[in-house]
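Here are my notes on this entry, as numbered points. Please read them with the model open.

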Amino acid sequence: MPALSPSQLEQLTRKLNEEYQALLREVREELENSGNQHRIDLLNNEPGDTGDESLANALADFNLSILDRHIDAMRDIEAALLRIKNGEYGICTECGDDVGFPRLMAYPTAKRCIVCQEQREKRYVQEGHPKM
Ligand SMILES: [Zn+2]
């Protein structure tokens, strides 16, 4: 028996699409607001056409950390939509149990059930911050 009913899946798909569109809007605004015209001109130049200024150097101080987070979130949503398409959505990638509708409504991109997620986070904390 499938863990999610068709109407639940539809609800989650709509939620994912809405979040995706919101992220896309923010990325677009961020790009429009963050770039001064000089940098935008640099991006439009052909390679080797930037004179003695390195394009990589010119972009290095371009603060893209906000965009990186957005792009990661967009990738997560794309992956979740693909899992829906493949009928793999809502199934824990670690133990194969149902992730559960309430958890998916809170975290539509969740790949793991709450038990596996908590175990993973514990492992991550231990590996990431070794105790002296
Ligand atoms: Zn699990």
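1. Start at Cys 92. Its relative accessible area is 4%, so Cys 92 is buried, the cut-off being under 20%. Bear in mind that this is a predicted model. Every value below is computed from it.

2. What does the sulfur of Cys 92 do? It is a donor to the zinc ion, together with the SG atoms of Cys 95, Cys 113 and Cys 116. These protein donors lie 2.3 Å from the zinc ion.

3. The geometry is worth checking for parameter work. The angles subtended by the four donor atoms around the zinc ion run from 103 to 117 degrees, so the arrangement is tetrahedral. For four tetrahedral donors the ideal angle at a metal is 109.5 degrees.

4. Along the chain, the zinc donors have the spacing C-x2-C-x17-C-x2-C. Cys 92 sits in the loop between α4 (65–85) and α5 (101–106), while Cys 113 sits in the loop between α5 and α6 (114–128); the pair therefore ties together parts that are 21 residues apart in sequence.

5. Are the donors buried or exposed? Cys 92 and Cys 113 are both buried. Cys 95 has 41% relative accessibility, so it counts as partly exposed.

6. Disulfides need no separate treatment here. A search of the whole structure returns zero of them. A disulfide is a covalent bond between the sulfur atoms of two cysteines. The sulfurs of Cys 92, Cys 95, Cys 113 and Cys 116 are instead listed as zinc donors.

7. Look next at Arg 112, in the loop between α5 and α6. Where does its side chain make a polar contact? The partner is the side chain of Glu 94, at 3.2 Å. With a relative accessible area of 11%, Arg 112 is buried.

8. The surroundings of Arg 112 include a zinc donor. Leaving aside residues up to four places away in sequence, Arg 112 touches Cys 92, Thr 93, Glu 94, Val 99, Arg 103, Gln 117 and Arg 120. Of these, Cys 92 is one of the zinc donors.

9. Another place to inspect is Ala 80, in helix α4. Ala 80 is buried, and its relative accessible area is 0%. Beyond residues up to four places away in sequence, Ala 80 touches Leu 16, Tyr 89, Pro 108 and Thr 109.

10. Thr 109 belongs to the loop between α5 and α6. It is partly exposed, at 23% relative accessible area. Its C-alpha atom is 5.5 Å from that of Ala 80, although 29 residues separate the two along the chain. Between Ala 80 and Ala 110, which are 30 residues apart along the chain, the C-alpha separation is 8.0 Å.

11. Thr 109 has further contacts on the list. With residues up to four places away in sequence left out, Thr 109 touches Leu 16, Asp 76, Ile 77, Ala 80 and Arg 83. Leu 16 is also among the residues that Ala 80 touches.

12. Now the whole chain. It has six helices and zero strands, in the order α-α-α-α-α-α along the sequence. Of the contacts with a separation of 6 or more, 57% join residues 24 or more positions apart.

13. Last, burial and surface. The chain has 132 residues, and 23% of them are buried. Its accessible surface is about 9,700 Å². Carbon and sulfur atoms account for 51% of that surface.

Technical notes
Residues are numbered from 1 along each chain as its sequence is written. This is a predicted model: local features need pLDDT of at least 70, side-chain atom pairs count only at pLDDT 80 or more; totals for chains, interfaces and linings use all residues. Side-chain values use heavy atoms; hydrogens and water are left out. Donors are N, O and S atoms within 2.8 Å of the metal (3.2 Å for Na, K and Ca); water is not among the atoms, so sites may look incomplete. Four donors count as tetrahedral if all angles lie between 85 and 135 degrees; four count as square planar and six as octahedral if opposite donors are over 155 degrees apart and all others between 65 and 115; anything else is irregular. Helices (H or I, at least four residues) and strands (E, at least two) are DSSP runs, numbered from the N terminus. Buried means under 20% relative accessible area, exposed over 50%, partly exposed in between (1.4 Å probe, protein chains only). Contact means heavy atoms within 4.5 Å. Accessible areas come from the Shrake-Rupley method with a 1.4 Å probe; for residues, only the protein chains shown count as cover. A polar contact is a pair of N or O atoms within 3.5 Å; within protein, one must be able to donate a hydrogen and the other to accept it, and residues adjacent in sequence count only if both atoms are side-chain atoms. A disulfide is a pair of cysteine sulfur atoms within 2.5 Å.
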